[in-house]
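Hi everyone, thanks for making time. I'd like to walk you through one structure today, so let me put it up on the screen.

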Amino acid sequence: MLTWKEIISFCVNGNPEPDRRVEKSEAEWREILTPAQFRITRKKGTEAPHSGALCSIHEAGKYSCVCCGTPLFDSTIKFESGTGWPSFTQPITENAIKYEKDSSFGMVRVEVMCNTCDAHLGHVFPDGPEPSGLRYCINSESMKLETQLSHG
């Protein structure tokens with residue numbers, strides 16, 4: 001289980017190696033993503049609170065990167081944070097997420113990205129529920145929910 005201390009260590013000392021890398025040109029990303037998905041994942045945008053399709057969904061399944069399909073989060077670690085964005089306590093694997101210090105908007109936060117394709121997902125904060133104490137605050141537009149039904 002990842003802790004805040006380990007996340008800060010990733011920001012300072014480098015991220016875990018991803019299982020694979022996916023790299024595309026800006027034009028290639030624009031072809032496969034909706035304008036909202038492109039703005040959020042490739043240009044580090046955000047969606048308005050409580051506007052994302054995945055905010056109030058609590059179906060069983062895996063949340064994958066909308067850009068490259070890498071599994072990011074499991075529905076069993078999703079929780080209702082009241083912030084207006086889907087929230088999770090842990091990534092599906094330690095190397096699924098890439099962490100970088102984000103000093104934009106006059107504050108210091110930890111940005112989370114897909115470690116496979118560098119898609120901006122959101123931010124992680126040390127104010128989540130136990131046992132990890134982490135809250136991954138993720139844009140709905142940056143993920144797709146893959147349920148058991150969608151595989152059948």
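Let's start with a question: which residues lie nearest the centre of the largest pocket? Before I answer, please keep in mind that this is a predicted model.

Okay, here they are: Gly45, Thr46, Arg109, His120 and His123 lie nearest the centre, out of 18 residues that line the pocket. β6, β7 and β8 are the elements that each give two or more residues to that lining. The top contributor is β7, with 5 residues. For those of you thinking about chemistry, the lining divides into 6 nonpolar, 7 polar and 5 charged residues. As for volume, the largest pocket holds about 280 Å³ of space.

Now, where do those strands sit? There is an open sheet of 6 strands, and reading across we get β3-β4-β8-β7-β6-β5, with antiparallel pairing. At the edges are β3, residues 78-79, and β5, residues 97-102, each pairing on one side only. Further in, β6 and β7 are antiparallel partners joined over 4 bridges. If you want a spot to zoom in on there, Val110 stands opposite Val124 in β7.

Next, a residue I'd like you to look at: Arg135, in strand β8, which spans residues 135-138. Is Arg135 buried or exposed? The cut-off for buried is under 20% relative accessible area. Arg135 has a value of 11%, so it counts as buried.

And what does the side chain of Arg135 meet? It makes a polar contact of 2.8 Å with the side chain of Asp127. Beyond its neighbours within four places in sequence, Arg135 is in contact with a number of residues, including Phe79, Ser81, Phe88, Val124 and Gly128. His123, which we met by the pocket centre, is also among the contacts of Arg135.

Last stop: strand β1, residues 61-65. This strand is mostly covered, with 4 of its 5 residues buried. β1 pairs with β9, residues 143-147, in the antiparallel sense over 5 bridges. Within that pairing, Tyr63 stands opposite Leu145. β1 also runs antiparallel to β2, residues 71-74, and 3 bridges join them. One bridge there puts Ser64 of β1 with Pro71 in β2. The two strands form a hairpin with 5 residues between them, and in the turn Gly69 has a positive phi of about 85 degrees.

That's my tour, and I'm happy to rotate the view for anyone who'd like another look. Thanks for listening!

Notes: Residues are numbered from 1 along each chain as its sequence is written. This is a predicted model: local features need pLDDT of at least 70, side-chain atom pairs count only at pLDDT 80 or more; totals for chains, interfaces and linings use all residues. Side-chain values use heavy atoms; hydrogens and water are left out. Buried means under 20% relative accessible area, exposed over 50%, partly exposed in between (1.4 Å probe, protein chains only). A polar contact is a pair of N or O atoms within 3.5 Å; within protein, one must be able to donate a hydrogen and the other to accept it, and residues adjacent in sequence count only if both atoms are side-chain atoms. Contact means heavy atoms within 4.5 Å. Two strands pair if DSSP finds at least two bridges between them. On a 1 Å grid over the protein atoms alone, a cavity is a set of points where a 1.4 Å probe fits but cannot get out, and a pocket is an open set with protein on both sides within 12 Å along at least five of seven lines; lining residues have an atom within 4 Å of a point. Grid points are joined across faces, edges and corners, and a volume is the space filled by probe spheres set on the points. Ala, Val, Leu, Ile, Met, Phe, Trp, Tyr, Cys and Pro count as nonpolar, Asp, Glu, Lys and Arg as charged, and the others, Gly among them, as polar.
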